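Subject: Handover of a structure, with findings

Dear colleague,

Please find below the structure that I am handing over to you. My account of what was found in it comes after the display.

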Amino acid sequence: MSNAIDISDDNFDSEVLESDKPVLIDFWAEWCGPCKVLGPVIDEVAVDYSDKVKFVKLKYGIRGIPTLILFKNGEKADTSVGVLSKSELSSFLDKNL
């Protein structure tokens, strides 16, 4: 079971833009091999950062996946494209918190 919440266009505003915590969105696709590699890394890091960051997953038609976008206070704070290791993902979050 994933530690990231599945969201859609219907609840994007309430789950992301209106969140009281920064939100890391994992944009992914079922056919994406790198997405399958990154998923378990996100689940691990989500445990360590659960008190600081909300983790969500969204299937979306963007060009480069996996793409991670961190939102803070309803605004896009940072973006990462490609697979990250656990330490790289932690560093990405730490520099933005």
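The notes that follow go from the overall fold to the salt bridges and then to single residues.

Please keep in mind throughout that this is a predicted model.

Overall fold

The chain holds three helices and five strands. Read from the N terminus, these elements follow the order β-α-β-α-β-β-β-α. The radius of gyration is 12 Å, close to the 13 Å that the globule rule gives for 97 residues, so the chain is as compact as a globular protein of that length. Its C-alpha trace extends over about 30 × 30 × 25 Å along the principal axes.

Of the 97 residues, 45% are buried. The accessible surface amounts to about 5500 Å², and carbon and sulfur atoms account for 49% of that area. As to how the chain meets itself, consider the contacts between residues at least 6 apart in sequence: 72% of them join residues at least 24 apart.

Charges and salt bridges

The chain carries 11 positive and 17 negative charges, and the mean positions of the two sets lie 4 Å apart. Side chains of opposite charge can pair when their charged atoms come close. How many salt bridges does the count come to? The count comes to six, and three of the pairs are described here, K59 with E30, K86 with E44 and D78 with K95.

In the pair of K59 and E30, the closest N and O atoms are 2.6 Å apart. K59 belongs to strand β3 (residues 54-59), while E30 sits in the loop between β2 (23-28) and α2 (33-49), so this salt bridge ties together parts that are 29 residues apart in sequence. K59 has a relative accessible area of 48% and is therefore partly exposed. E30, at 53%, counts as exposed; the cut-off for that class is over 50%.

For K86 and E44, the closest N and O atoms are 3.3 Å apart. This pair links distant parts of the chain, with K86 in helix α3 (residues 86-94) and E44 in helix α2, 42 residues apart. Both ends are partly exposed: K86 has a relative accessibility of 35%, and E44 has a relative accessible area of 45%. The pair does not stand alone, as E44, D48 and K86 are linked in a network of salt bridges.

D78 and K95 form a salt bridge in which the closest N and O atoms are 3.4 Å apart. D78 is part of strand β5 (residues 75-81) and K95 of the segment after α3, so the pair ties together parts that are 17 residues apart in sequence. Is each partner buried or exposed? D78 is buried, with a relative accessible area of 18%, whereas K95 is exposed at 60% relative accessibility.

Buried polar residues

D26 is found in strand β2 and, at 2% relative accessibility, counts as buried. Which residues does D26 touch, not counting those up to four places away in sequence? They are L38, I42, V56, K57, L58, P66, T67 and L68.

N96 is located in the segment after α3. This residue is also buried, with a relative accessible area of 12%. Residues up to four places away in sequence aside, N96 touches L70, K72, A77 and D78. The last of these, D78, is the residue that forms the salt bridge with K95.

Sequence separation and distance in space

Two pairs of residues may serve for orientation. S14 is in helix α1 (residues 12-17) and is partly exposed at 41% relative accessibility. S14 and G39 are 25 residues apart in sequence, and their C-alpha atoms are 23 Å apart.

P34 has its place in helix α2 and counts as partly exposed, with 38% relative accessibility. P34 and G82 are 48 residues apart in sequence, yet 7.2 Å apart in space, C-alpha to C-alpha. Apart from neighbours within four places in sequence, P34 is in contact with P66 and V83. P66 is also one of the residues that D26 touches.

With kind regards

Terms used: Residues are numbered from 1 along each chain as its sequence is written. This is a predicted model: local features need pLDDT of at least 70, side-chain atom pairs count only at pLDDT 80 or more; totals for chains, interfaces and linings use all residues. Side-chain values use heavy atoms; hydrogens and water are left out. Helices (H or I, at least four residues) and strands (E, at least two) are DSSP runs, numbered from the N terminus. The radius of gyration is taken over C-alpha atoms; the globule rule is 2.2 Å times the number of residues to the power 0.38. Buried means under 20% relative accessible area, exposed over 50%, partly exposed in between (1.4 Å probe, protein chains only). Contact means heavy atoms within 4.5 Å. Accessible areas come from the Shrake-Rupley method with a 1.4 Å probe; for residues, only the protein chains shown count as cover. Lys and Arg count as positive and Asp and Glu as negative; His and the chain ends are not counted. The place of a charge is taken as NZ of Lys, CZ of Arg, CG of Asp or CD of Glu. A salt bridge is a side-chain nitrogen of Lys or Arg within 4 Å of a carboxyl oxygen of Asp or Glu.
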